[in-house]
Every structure is written in C-alpha cells, then in structure tokens.
Amino acid sequence: MGKITPQILMTFMSINKKSGDTIHNQLYSQLKSGVYEGMLRPGDRLPSSREMSLQLKVSRNAVSQVFEQLTMEGFFESKTGSGTFISKNTGKFTYSKRKIT
C-alpha cells in the first residue's frame with residue numbers, strides 16, 4: 001500500500017497530444033487499464049492531480065476530471081487530506097476495452 005510515484009506511473013502512461021483521441025480519454029483508459037492489468041493495485045496511492053499533470057504535461061483540470069470520474073465509477077477512493085487511492089473493490093469489476101465517446 002505504498003505511494004505510487006509519478007516516475008513509476010510514467011512507466012505505463014503516455015499522452016499523445018497529436019493522436020485523434022482526447023487527453024481525457026487517454027488518461028481515463030490508461031488508468032483504468034492500469035487497474036485491470038495489476039499495475040495499480042487496491043490500496044495504492046496515486047500521485048496528486050498536480051503531480052500527475054506536471055509529469056504528463058497536461059492540464060490539472062483534465063487529470064482532476066478523470067480522477068473524479070474514476071472515483072464515481074468506484075475505481076478510486078478519495079480521502080480528504082490523504083490523497084487518492086485505488087479502491088479495494090476493484091477486484092469485483094470486469095474488464096471491458098470498449099471505446100469511450
């Protein structure tokens with residue numbers, strides 16, 4: 001249950017601003033895949049939205065929106081004053097690679 005540093009996160013995340021896909025969709029699908037593929041495990045602490053946006057060179061607002069969406073879907077848990085964590089319930093989800101529109 002250690003903190004995931006931005007450097008570790010960067011090993012499986014990359015944003016291509018020239019792709020036809022939005023930054024939001026790229027962040028969303030890569031973080032969700034990270035959970036399903038075991039790179040992000042239940043209880044892992046994510047970098048702050050500020051740290052992640054700086055490392056990926058994207059807007060903090062985009063990162064915050066994705067964090068909020070994944071929290072609402074049950075993938076992330078936000079603990080005030082502590083950070084954002086991978087939900088302990090992620091093992092109950094089924095993997096779907098459907099495209100987000």
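## Overall layout

The protein chain in this predicted model has 4 helices and 2 strands. Walk along the sequence and the order is α-α-α-α-β-β, with the strands S1 and S2 at residues 76–79 and 83–86.

Of the 101 residues in the protein chain, 38% count as buried. The accessible surface of the chain is about 6,100 Å², and carbon and sulfur atoms own 52% of that. As for contacts, take the ones between residues at least 6 apart in sequence: 59% of them join residues at least 24 apart.

## Helix H2

H2 covers residues 23–36. Its 14 residues, at 1.5 Å a residue, should span 20 Å, and the end C-alpha atoms do sit 20 Å apart, so the expected and modelled lengths agree.

This helix is mostly covered, with 10 of its 14 residues buried. The buried set includes the stretch Asn25, Gln26, Leu27 and Tyr28, and also Gln30, Leu31, Lys32, Ser33, Gly34 and Val35. So there's a lysine in there along with leucines and a valine, because Lys32, Leu27, Leu31 and Val35 are each under the 20% relative accessible area that defines buried. After H2 comes Gly38, which has a positive phi near 85°.

## The S1–S2 hairpin

S1 and S2 run antiparallel and are joined by 4 bridges. One pairing to look at is Lys79, whose bridge partner in S2 is Gly83.

Between the two strands lie 3 residues. Gly81 in this hairpin takes a positive phi near 85°.

Methods
Residues are numbered from 1 along each chain as its sequence is written. This is a predicted model: local features need pLDDT of at least 70, side-chain atom pairs count only at pLDDT 80 or more; totals for chains, interfaces and linings use all residues. Side-chain values use heavy atoms; hydrogens and water are left out. Two strands pair if DSSP finds at least two bridges between them. The expected span of a helix is 1.5 Å times one less than its number of residues. Buried means under 20% relative accessible area, exposed over 50%, partly exposed in between (1.4 Å probe, protein chains only). Contact means heavy atoms within 4.5 Å. Accessible areas come from the Shrake-Rupley method with a 1.4 Å probe; for residues, only the protein chains shown count as cover.
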